[in-house]
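Welcome! Open the structure in your viewer, and let us walk through it one selection at a time.

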Amino acid sequence: MKYLLSILFLLLSQAACQTTPGQPGKDLDYLAKTDIDTISDIHVQRMEALLRRLTEKLYRRNPGQCQGGTPAIRTCVHRVFDDEAPKPDLAGKRGTASIQLAFDEDYEGDRVLALMFGLRTMLRAAYGEKREFFITDELDPQKLYNSARNIEITVWRLSHYQQPDGQLYLVSNELEGEVKNLSYERLFGKLISLQDTMAVIIAESSQRNIKNMIQRLATAVFLPI
């Protein structure tokens with residue numbers, strides 16, 4: 001064991017000496033990854049991919065929300081995921097505050113943007129605003145669990161919240177007719193599963209407990225992240 005620790009110390013020392021000027025510890029960070037860090041990286045990448053698919057599908061189902069209509073959907077999707085792109089419609093709102101705009105009767109902006117940017121920033125907050133993880137990083141399993149519940153609340157509102165004229169704020173699943181389209185529900189389900197799985201992994205690895213929250217979806221409030 002001491003021999004292995006000596007080798008690890010030597011490798012870490014060499015990596016520290018070989019770092020690029022102006023980027024202290026970069027090589028050391030890449031060396032100092034645990035299995036949990038790698039799993040976290042994969043979950044974040046998968047999460048981003050699912051969010052992109054959902055965003056594009058929602059714009060195609062609701063082209064009126066995209067300025068320029070169907071031909072401009074790629075630009076609208078890019079706007080959601082570009083951190084530098086201005087989003088004046090949202091008035092600086094992020095996370096669940098942005099999600100709620102998508103179901104606000106008085107909101108006149110892009111509801112897909114409000115919904116998906118809100119989901120993305122909420123999930124990023126659950127991961128401590130990090131996109132890559134190293135041995136010194138810690139995740140909070142309760143935040144990951146809460147984010148999964150918030151997605152469930154969002155999905156319920158997407159299917160049930162209606163405008164004064166009875167129309168849904170955003171159209172997603174198609175339940176009428178001979179062919180039912182539940183592709184949105186499946187993608188959201190994968191997101192929920194990712195977050196729940198990650199919450200359990202982090203809880204078990206850090207020996208921390210998760211406080212389960214039970215709410216009726218019809219009256220549920222978003223949980224803190």
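Which residues does T121 touch, not counting residues up to four places away in sequence? Keep that in mind while we look around; we will come back to it at the last stop. Please note that this is a predicted model.

**Stop 1: the whole protein**

Start with a cartoon view of everything. You will find eight helices and zero strands. Following the chain from its start, you read the pattern α-α-α-α-α-α-α-α. Now switch on a surface: the protein exposes about 13000 Å², and carbon and sulfur atoms supply 53% of that area. Of the 225 residues in the protein, 41% are buried. Contacts also reach across the sequence: among those with a separation of 6 or more, 66% are between residues 24 or more positions apart.

**Stop 2: helix 4**

Next, select residues 73-81, which form helix 4. Show the side chains of I73, C76, V77, V80 and F81, the buried residues of this helix. Why do they sit on the same side of helix 4? They cover an arc of only 135 degrees around the axis, and that places them together on one side. A general rule helps here: an α-helix has 3.6 residues a turn, so residues three or four places apart point the same way. Turn the view to the other side of helix 4, and you will meet R74 and T75, which are exposed.

What do the buried residues of helix 4 pack against? Add helix 3 (35-61) and helix 6 (111-126) to your selection, since these are their packing partners.

**Stop 3: helix 3 and helix 8**

Keep helix 3 on screen and add helix 8, residues 183-206. These two helices pack at an angle of about 160 degrees, and their axes are 10 Å apart. Helix 3 is therefore roughly antiparallel to helix 8. Their crossing is left-handed.

**Stop 4: T121 in helix 6**

Finally, go back to helix 6 and pick out T121, which lies in it. Is this residue buried or exposed? T121 has a relative accessible area of 5%; it counts as buried because the cut-off is under 20%.

Now for the opening question. Leaving out residues up to four places away in sequence, T121 touches R94, G95 and E129. Select S98 as well and draw a distance between C-alpha atoms: T121 and S98 are 23 residues apart along the chain, and their C-alpha atoms are separated by 9.0 Å.

Definitions and conventions. Residues are numbered from 1 along each chain as its sequence is written. This is a predicted model: local features need pLDDT of at least 70, side-chain atom pairs count only at pLDDT 80 or more; totals for chains, interfaces and linings use all residues. Side-chain values use heavy atoms; hydrogens and water are left out. Helices (H or I, at least four residues) and strands (E, at least two) are DSSP runs, numbered from the N terminus. Buried means under 20% relative accessible area, exposed over 50%, partly exposed in between (1.4 Å probe, protein chains only). Contact means heavy atoms within 4.5 Å. Accessible areas come from the Shrake-Rupley method with a 1.4 Å probe; for residues, only the protein chains shown count as cover. The arc is that of the directions from the helix axis to the C-beta atoms. Axes are lines fitted to C-alpha atoms, for helices over the stretch in contact, and angles run from 0 to 180 degrees between N-to-C directions. Angles under 35 degrees count as roughly parallel, over 145 as roughly antiparallel, 65 to 115 as roughly perpendicular and the rest as oblique. A crossing is left-handed if the near helix is turned anticlockwise from the far one by less than a right angle, and right-handed if clockwise.
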